[in-house]
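Visitor: I would like a close look at a single part of this structure, with enough of the surroundings to place it. Could you walk me through it at your own pace?

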Amino acid sequence: MPHPKMKAIIDILQRRTMDDKLVWEETEEEGFYQIAFPRYAVRVSKRPTKVSGTTGTDYLVSIYNTEGKLIDEVSDLDMQEDYTDSDPYYMMKELYDNARRSAMGVQTALGDILKNLEESGEKEEDSGDRE
Amino acid sequence: MVDVPQDSSNANEFLDAVHMFVTTGMGDYASVIGVVIALIGFYITVRKIRRSSSAAEEASKTVKKLREDSIRMDLVAESSTALGLMDQIKFLHRQNEWPLLPDKYTALRKALISVKSIDADLTEEQNSIIQGAVVIIRRMESKVEMALQTDPAKLDVANLNTVISKQMDALQTVLIAEKYKIGR
């Protein structure tokens with residue numbers, strides 16, 4: 001069954017997360033990341049694949065309503081029909097990875113480290129010039 | 001006898017005086033004085049109308065402000081209840097009092113939903129913070145309920161309390177912002 005609206009949501013979430021426009025948060029469940037809107041919330045997660053006879057990972061997107069009840073959930077396997085020109089597995093994996101980075105504050109950490117490295121490099125150059 | 005309002009009779013006198021003044025050329029002194037008196041009366045009437053309408057507007061603004069403040073006070077009270085429950089939940093986590101927790105989660109979720117349902121013109125960001133907390137608490141409740149059927153000792157207290165603390169910080173920002181608006 002096609003899920004055009006879910007595909008649109010996944011695409012927008014992926015694009016806006018990559019652009020640092022959305023901030024995800026950690027949840028009570030390790031490996032689950034959440035972003036909330038005024039009336040709904042979206043979670044991304046992963047699980048061992050349900051495809052029998054294979055090992056691997058399924059990526060999931062779940063929608064929760066105002067009361068916090070799960071109202072819809074799709075895995076990359078459910079989205080095969082919607083992604084004709086790309087692979088939903090890679091799309092949802094990328095969304096998951098970016099959501100995790102956002103929730104863990106990876107971009108901020110990398111920015112800080114880079115800044116510290118640049119500053120310490122500048123100090124070394126200054127002291128080298130003085131000598 | 002028809003009870004003519006004072007404001008209306010002042011206006012009529014003024015118009016009569018003007019009419020008389022115009023139709024009799026320059027008019028006599030009496031009509032000049034009449035025009036002046038009518039003009040003063042008309043001026044007073046206009047001022048009274050302006051004052052009463054601005055007083056009515058002021059009263060309406062005050063009532064609106066009081067209503068908004070009362071709504072914000074409800075919101076602050078519900079948010080404080082939610083924050084108090086979060087503190088209790090963290091304590092019960094540390095004490096491993098798992099059977100007591102599902103009721104606390106339910107009470108917390110209800111308090112958060114009450115905060116959201118109060119019509120306090122919360123921003124999208126503030127509503128999103130509360131919505132996020134509702135989902136997290138509901139999922140935490142399910143997780144603890146399931147663990148109660150198997151082995152609650154496997155629950156990661158540190159992680160659960162870290163998540164609750166983050167929700168408390170976020171809810172605190174909503175509470176402070178709304179508290180600040182009361183009486184302003």
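**A close look at A:Ser102**

Guide: Let us start with the contacts of one residue: beyond its neighbours within four places in sequence, A:Ser102 is in contact with A:Thr17, A:Leu22, A:Val23 and A:Trp24. Please keep in mind that this is a predicted model. A:Ser102 itself sits in helix α2 of chain A, which covers residues 88–104. It counts as buried, because 21 C-beta neighbours lie inside 10 Å, and the cut-off for that label is 20 or more. Another residue to look for is A:Tyr33: in sequence 69 residues separate it from A:Ser102, yet the C-alpha to C-alpha distance is 9.1 Å.

One contact of A:Ser102, A:Thr17, leads us to helix α1 of chain A. A:Thr17 is buried in α1(A), and so are A:Ile10 and A:Leu13. These buried residues cover an arc of only 65 degrees around the axis, which puts them on the same side of α1(A). What do they pack against? Their partners are β3 (41–48), β4 (57–64) and α2 of chain A, and α2 is the helix that holds A:Ser102. On the other side of α1(A), the exposed residues are A:Pro4, A:Lys5, A:Ala8 and A:Ile12. As for its length, α1(A) has 15 residues and spans 21 Å from first C-alpha to last, close to the 21 Å expected at 1.5 Å a residue.

Going on along the chain, α1(A) is followed by A:Asp20, in the loop between α1 (4–18) and β1 of chain A. A:Asp20 is not a glycine, yet its phi is positive, at about 60 degrees. Is this residue buried or exposed? A:Asp20 is exposed, because 12 other C-beta atoms lie within 10 Å, and a residue with 12 or fewer is given that label. Chain B offers a counterpart to look at: B:Asn96, also not a glycine, has a positive phi of about 55 degrees. B:Asn96 lies in the loop between α2 and α3 of chain B and is exposed, with 12 other C-beta atoms within 10 Å.

Now let us step back to chain A as a whole. Chain A has three helices and five strands, and along the sequence they follow the pattern α-β-β-β-β-β-α-α. Its radius of gyration is 20 Å, well over the 14 Å that the globule rule gives for 131 residues, so chain A is more spread out than a compact globule. The box filled by its C-alpha atoms is roughly 70 × 35 × 25 Å along the principal axes. Of the 131 residues, 25% count as buried. Among contacts in chain A with a separation of 6 or more, 42% are between residues 24 or more positions apart.

Where does chain A meet chain B? The contact takes 16 residues from chain A and 19 residues from chain B. On the chain A side, the elements that give two or more residues are β1 (25–26) and β2 (33–36). By class, that side has seven charged, five nonpolar and four polar residues.

The partner chain is built of helices: chain B has five helices and zero strands. Buried residues make up 26% of its 184 residues. In chain B, 73% of the contacts between residues at least 6 apart in sequence join residues at least 24 apart.

The largest nonpolar core has 46 residues, and those that touch the most other members are A:Leu95, B:Ala82, B:Leu108, B:Leu112, B:Ile130, B:Ala133 and B:Ile137. Helix α4 of chain B (residues 124–149) gives the most to this core, with nine residues. Leaving aside neighbours within four places in sequence, B:Ala82 is in contact with B:Leu108, B:Ala111, B:Leu112, B:Val115 and B:Leu171.

Several of those partners belong to α3(B), whose buried residues include B:Leu108, B:Ala111, B:Leu112 and B:Val115. Seen down the axis of α3(B), the buried residues fall within an arc of 160 degrees, so they line one face of the helix. They pack against α2 (29–94) and α4 of chain B. The face of α3(B) turned away from the buried side carries the exposed residues B:Asp103 and B:Ser117.

Terms used. Residues numbered from 1 in each chain as written. Chains lettered and ligands numbered in written order. Predicted model: local features only at pLDDT ≥ 70, side-chain atom pairs only at ≥ 80, totals over all residues. Helix = DSSP H or I, 4+ residues; strand = E, 2+ residues; numbered from the N terminus. Rg over C-alpha atoms; globule rule 2.2 N^0.38 Å. Contact = placed C-beta atoms within 7 Å. Nonpolar A, V, L, I, M, F, W, Y, C, P; charged D, E, K, R; others polar. Core = buried A, V, L, I, M, F, W, Y, C linked by C-beta atoms within 7 Å. Arc of directions from axis to C-beta. Expected span 1.5 Å × (residues − 1).
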